[in-house]
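Visitor: I would ask for a close look at a single part of this model, namely one chain and what lies against it. Please state each criterion as it is used.

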Amino acid sequence: MAVISYREALNQAMREEMERDPNVFVMGEEVGHYNGAYKVTQGLLQRFSERRIVDAPIAEMGFAGIGVGAAMVGLRPIIEFMTFNFSLVAIDQIVNNAAKIFQMSGGQYNIPIVFRGPSGPAVQVGSQHSQALESYYAHVPGLKVVMPSTALDAKGLLKSAIRDDNPVVFMEGETLYNTTWEVPDSASGDDLIPIGVADIKRVGKDITLIAWSKMVWTCLDAAKQLAEEGIECEVVDPRTLRPLDVETLAASVNKTGRCVIVEIGWPVAGFGAEVAYQMQRHCMDALDAPIERVTSDDVPMPYAKNLEDEVQPQVKDIVAAVKRALYLE
Amino acid sequence: MGMVRAVVTASMTTPDSKRVEHDDHQELVETTPEELAPLYRQMLAIRRLEEASAKAYSQGKIGGFLHLIIGQEAVCVGAIAALEKKDYVVATYREHGHAYAKGVAARPILAELYGKKTGCVKGLGGSMHIFDKATNFLGGYGIVGGHVPIAAGAAFASKYRGDGAVTLCFFGEGASTIGGFAEGLALAALWKLPVVLICENNQYSMGTPLYRSLAVEDVSLRALAHGMARDRFDGDDVVKVKRRIAEAVERARTTGEPTLVEVITYRFRGHSMSDPGLYRTKDEVEEWKRRDPLNRCRQRLLDVGMIDADLAALEDDVKAEIEDAVKFAEESPAADEYKKYVVKGQ
Amino acid sequence: MAQILGLPKLSPTMEEGVLVRWTRKEGDKVSPGDLIAEVETDKANMDFNVEDEGVLLKLLVKEGDTVKLGAPVAIIGKAGEDVSALVEQAKQAGAAAPAPAAVAAPKPVASAAAPTEPKITAPAQAKAPATPPPSPRPAASGARPAAREPQIAQAPTAKLLASPLAKTLAIELGLDLRTIQGSGPGGRIVERDVRQAADGVGSSSTTGNGHASDAATAEAATGHADEAAAPTQALAVRHARQLVPDAAGDFEDLPASNMRKRIAARLTEAKRDIPHFYLMRKLDAAPLLAFRARLNELLGDRGKVSVNDLVIKAVALALRRVPECNASWEGDVIRYYHRVHVGVAVAIEDGLVTPVVRDADQKGIGAIAAEVKDLAERAKKRGLKGHEITGSTFTVSNLGMLGIERFTAILNPPEAGILAIGATVDEPVVVKDQVVPGKRLTVTMSCDHRVIDGALGARWLQAFAELFEKPESLAL
């Protein structure tokens, strides 16, 4: 076991999978010679050739579609979006092609492609660069949507995503790249983490916090603070949004009787709304309070730091929601 | 009684200049009955297949959108005749002819249009989404230009693996303005991908004639911006199409470089079955019908030595094939499975 | 042969058309694609093209006529054909309803109440008093109050508000909600109100021992019961160990710990309610032991695989081969699980706990060994998490290391099967008519007869035996 960064974990996952399977290749802007806009693909060009680490010009629709075509005929592309904000340029390829070709072809062609990149707000990068769009992709049948919160999850899940025979939208946390976690090294096995399985990041009996990606960390901070007041939070990380591990989430809410969903995206039709539906559907009798939800404000992200902090969910917002659910205002 | 029709005279140039005289229709390419007969047979079968589909559609047996290739058969048949089995074809929603030419049989194509279980994609795709892995037919697509990067991707894979396969990508001139085409073209040129991008310019994007969509009507010129090889010719003679596309295919196979080819052609029917066709005159359509490449091919076949009896036998054979396919489609069971092919391994 | 031409569908939503103008006349020869008429539809004036080869023998409608979709408009056939029968047929058809080939325009769907305001209906309550919906909460996110709170329409005057959990709890504790004061918004009765009311009334669950009730402390290893009852279980009470010696000193009573109470309740219920039967097999353990030795040789100091680890894998794969045994009796239905989660009985101080190896059929032997080792260690330290001791679909119990040759295990409800593993014994065995030394291990399968019959259980045991005695198949 070693403590490595989330960035390093992704790098290792890609490196190991590329060594294992010659059909895996990486394509995106600045992935090769620049060593990755966020250094996630650092060193891969030196290890593999330009044939397998392909620098693309600014043409997301083009290279996302090239990935789909290559996947159809047997390669396993990893298409990097510099950020998922730019995936909107290519969304036709993801939603109309990658997600649907398996069905449109009556099962003849499957698309073993991974679309990966950072998602969600960074720091002060303005409204066009700060979006959390997971609900757009989680909405679409035919796609899998994975959002790891820790380096451990990132490595195991990226490997699973690369080996999956379906299109996987793999959304990393822009502000998570430097976080570290203990990760088993490859010598002790493949350490794949299955897609579609949630993880309990913290056990607690009083209330369930459901969050993914960066918000897991914020919830853990909130839980620490609440523990000092004797409130024990259980933090459940779905890790995969589609397919959602409703079983594990519901088991937790049925145990604690209270639920706060925390997401960094916008509220209206955000993925947390789907989670809330599932929880009320399966846990109605166990609920002591309505399901709470903490999201970013329903506004495009402003630039100024103080405004950005006001818009995004903070520990105090989660603490307040927890106390509301416990009738402890 | 009836409405006054707005008539738009089509031309290949701006309204106040003369019509461009393209390639001499009388130019004859050397061929033999052995080469030409199978090409004619394919064109005829496609023609009959499309007519049968139109009839079924008007009877309510085919639903949704139906886009017919009638009038343009020489292009898909000629071009695909230049390929090997391992080569890939990616096409649009007007792709029944391309699928047939690549080797997909009439039965599964028609059954698919009828929404039956025996359709080539089990009734899940319909007219716009014919796919057949056995013949490397990588699909019909509904989003204009969205399939061009996919074709570039198949070519990318061929180059990656060094397997020598070539990809043909068919699209209309209406696609030449959209981002997917532009990006696919740019990347194919930049990375030298073994793809032949074939623009079937039938001079109308739905109801919009060429001069109202493109500032410069020569689609093939776009290749110049990317240093890519290009070609442009009249698609009225199936053997000429085959020869010219074969050059581009050879280029892709030996040097790995792409080509942008524009083939001028004409569709006799509307954009789809719900197109009232008010944007061109009946006279114009009749003029092009008189030069039907199918008839031209038939005459040529007789001219190069096929005897009447053999030709009649060939045509009867086609008739029987399509009638059989219609019967098959009518009698096949309805599609019944739609959850099985959403996620592989589910 | 002549045929009737019906009015075709010239636009997706067309139901009828006006035949504006015939462009051909009776007797004209036509080919596929030829225009024969103009038809005015709901969308535009469309061309009516024929798709057949032949002669237009009869035009059945006049210019200006309105024709329904599919109704006969013309007859096409060979020159000179007699079509009087068809004309008659067309007259009948024209008078009747439109041809079935016509596709009707979609009717507007009778919509449920359009959601202008969410109407919350009161849930039906069989036992507890009728409870109208909770009072509206502001839809704020985080600490920011919503700028504009949705005005939720309320049902007519609410008498009693209680959360679903409070209601369930009140039923379980036998309390009347009407006697409880609610501390939630709008006077909603919530869990703590019910618990406080329960404490105030006094507990009837103990027999006179004082007990330290510590609602904030739940024993980590006790969350084994089904999820719906979990809230009451969360109020696990830790009893102080108090010895109550009798005057003569002949015995002493130790209060039963929560774990013992739970084991008592569950296993009594299992033995009482489930029709158990038992199947035994004696297996040749030599190949498995050799396989294990080889695996451990390869692992070196990176880990250790035990016989039990291999048994767990064999059980899991056997459940894939005979999935009917991966099931539970649910009253009206038998539940067949799609995934295989194997419970592993682990003895700990004062009791027994059953951590679960999830998806054991998918995991490698090394992974199972590492996982079981970790679970067992943490079990002994009472460090297992709730989700780690629930959800098993079949259980394995091994007393071989304690010298037991053979035993029958009690089913772990709601599972339908449990496999008891005995010790490996050296004994004389018959091989090819010779008596030779052998290593034998006896397994006993306890089955729930409501789900598993003898033949089915035997089939499963056969599958298990095959995997056990040819252990290389565990790697497949």
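Guide: A residue is called buried when its relative accessible area is under 20%, exposed when it is over 50%, and partly exposed in between, with a 1.4 Å probe and protein chains only. Ser272(B) has a relative accessibility of 11% and therefore counts as buried. The model is a predicted one, in which local features need pLDDT of at least 70, side-chain atom pairs count only at pLDDT 80 or more, and totals for chains, interfaces and linings use all residues. Residues are numbered from 1 along each chain as its sequence is written, chains are lettered from A and ligands numbered from 1 in the order in which they are written, and side-chain values use heavy atoms, with hydrogens and water left out.

Ser272(B) lies in the loop that runs between β8 (259-264) and α9 (282-290) of chain B; helices (H or I, at least four residues) and strands (E, at least two) are DSSP runs numbered from the N terminus. Leaving aside residues up to four places away in sequence, Ser272(B) is in contact (heavy atoms within 4.5 Å) with Leu66(B) and His67(B).

From this loop I turn to the side of chain B that touches chain A. There, 38 residues of chain B are in contact with 44 residues of chain A. The two chains bury about 3300 Å² between them, and 67% of this area is on carbon and sulfur atoms. Buried area here is the accessible area (1.4 Å probe) that two parts lose on being put together, summed over both.

One salt bridge is found across the interface of chain B and chain A, the criterion being a side-chain nitrogen of Lys or Arg within 4 Å of a carboxyl oxygen of Asp or Glu. Asp165(A) and Lys344(B) form a salt bridge in which the closest N and O atoms are 3.8 Å apart. The interface also has 16 residue pairs in polar contact, both residues at pLDDT 80 or more. A polar contact is a pair of N or O atoms within 3.5 Å; within protein, one must be able to donate a hydrogen and the other to accept it, and residues adjacent in sequence count only if both atoms are side-chain atoms.

On the side of chain B that touches chain A, β2 (137-140), α5 (148-161) and α6 (179-191) of chain B each supply at least two residues. The largest share, nine residues, comes from α5(B). By class, this side has 24 nonpolar, seven polar and seven charged residues, where Ala, Val, Leu, Ile, Met, Phe, Trp, Tyr, Cys and Pro count as nonpolar, Asp, Glu, Lys and Arg as charged, and the others, Gly among them, as polar.
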